[in-house]
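Good morning, and thank you for joining this group meeting. Please take a moment to look at the sequence and the structure as they appear.

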Amino acid sequence: AKDQELQFKVDARSIKYLGVWISSKLGKTEEQKKNYIQEVIKADMKEAGNEDVFRKVKKDFEIASISIDDSEIRDQMQKALSRAKEDFK
């Protein structure tokens with residue numbers, strides 16, 4: 001149970017870091033950033049794994065007419081996860 005709780009915390013922190021990065025790319029205000037992070041967290045709950053988050057992020061960049069490589073999104077997702085894991089060591 002402790003491992004699951006820790007994994008949940010790491011995942012949530014990772015999504016927060018990712019949301020901050022995306023928000024800055026999309027030019028969101030502080031208030032919009034908070035709301036956007038909540039949207040990303042909700043997207044993460046749709047299915048196991050990170051593909052649900054990836055699809056949401058990619059779509060949001062497309063809607064904003066921001067061209068970004070899939071590899072950059074995945075790289076930022078990995079960086080956010082690594083940073084979150086470090087926070088809980």
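**A walk through the helices and loops**

I shall begin in a loop. Serine 65 is located in the loop between H3 and H4. Its setting is exposed, at a relative accessible area of 67%. The backbone at serine 65 deserves a remark: phi is positive there, about 60°, although the residue is not a glycine. I should say at once that this is a predicted model, and everything that follows should be heard with that in mind.

Let me turn from the loop to the interior. In soluble globular proteins, nonpolar side chains tend to be buried together. In this model, the largest nonpolar core has 18 residues, and the members that touch the most others are Leu18, Ile22, Val53, Val57, Phe61 and Ile73. Two or more core residues come from each of helix H1 (2–26), helix H2 (30–44), helix H3 (51–63) and helix H4 (70–87). H1 provides the largest share, with six residues.

Which residues does isoleucine 73 contact, apart from neighbours within four places in sequence? They are Trp21, Phe54, Val57, Lys58, Phe61 and Ile68. Two of these, Val57 and Phe61, were named a moment ago among the core residues that touch the most other members.

I now come to the way the helices pack. Two packed helices are described by the angle between their axes and the distance between the axes. I shall take H1 as the point of reference and consider its partners in turn.

The partner I take up here is H2. The angle between H1 and H2 is about 130°, and their axes lie 9 Å apart. H1 is therefore oblique to H2. The crossing of H1 past H2 is right-handed. On the H1 side, the residues that meet H2 are Ile15, Lys16, Gly19, Val20, Ile22, Ser23 and Leu26; on the H2 side they are Lys33, Tyr36, Ile37, Val40, Ile41 and Asp44.

One residue of that contact merits a closer look. Is serine 23, a residue of helix H1, buried or exposed? Serine 23 is buried, because its relative accessible area is 1% and the cut-off for buried is under 20%. A polar atom of the serine 23 side chain lies 2.8 Å from the backbone oxygen of glycine 19. Beyond residues up to four places away in sequence, serine 23 touches Lys28, Lys33 and Tyr36. Lys33 and Tyr36 are also among the H2 residues that meet H1.

The next partner is H3. H1 and H3 pack at an angle of about 10°, and 11 Å separates their axes. With that angle, H1 runs roughly parallel to H3. H1 contributes Ile15, Leu18, Trp21, Ile22, Lys25 and Leu26 to this contact, while H3 contributes Val53, Val57, Asp60 and Phe61.

Within helix H3 we find aspartate 60. This residue is buried, with a relative accessible area of 15%. Once neighbours within four places in sequence are set aside, aspartate 60 is in contact with Leu26 and Tyr36. Leu26 belongs to the H1 side of the contact with H3, and Tyr36 appears on the H2 side of the contact with H1.

There remains H4. Here the packing angle with H1 is about 135°, and the axes are 8 Å apart. The two helices are therefore oblique to each other. H1 passes H4 in a right-handed crossing. From H1, the residues involved are Val10, Asp11, Arg13, Ser14, Tyr17, Leu18, Trp21 and Lys25; from H4, they are Glu72, Ile73, Gln76, Met77, Ala80, Leu81, Arg83, Ala84, Lys85 and Asp87.

I close with the loop between H2 and H3, where glutamate 47 is found and where glycine 49 also lies. Glutamate 47 counts as partly exposed, at 36% relative accessibility. Glycine 49 is likewise partly exposed, at 46%.

How far is each from a residue of later sequence? For glycine 49, the C-alpha atom is separated by 13 Å from that of glutamine 78, at 29 residues along the chain. For glutamate 47, the C-alpha atom is separated by 21 Å from that of serine 82, at 35 residues along the chain. Leaving aside neighbours within four places in sequence, glutamate 47 is in contact with Asp52 and Arg55.

Definitions and conventions. Residues numbered from 1 in each chain as written. Predicted model: local features only at pLDDT ≥ 70, side-chain atom pairs only at ≥ 80, totals over all residues. Heavy atoms only, no water. Core = buried A, V, L, I, M, F, W, Y, C linked by side-chain atoms within 4.5 Å. Buried < 20%, exposed > 50% of the residue type's maximum accessible area, 1.4 Å probe, protein only. Helix = DSSP H or I, 4+ residues; strand = E, 2+ residues; numbered from the N terminus. Contact = heavy atoms within 4.5 Å. Polar contact = N/O pair within 3.5 Å; in protein donor to acceptor, adjacent residues only side chain to side chain. Axes fitted to C-alpha atoms, helices over the stretch in contact; angles between N-to-C directions. Parallel < 35°, antiparallel > 145°, perpendicular 65-115°, else oblique. Left-handed = near helix turned anticlockwise from the far one by under 90°.
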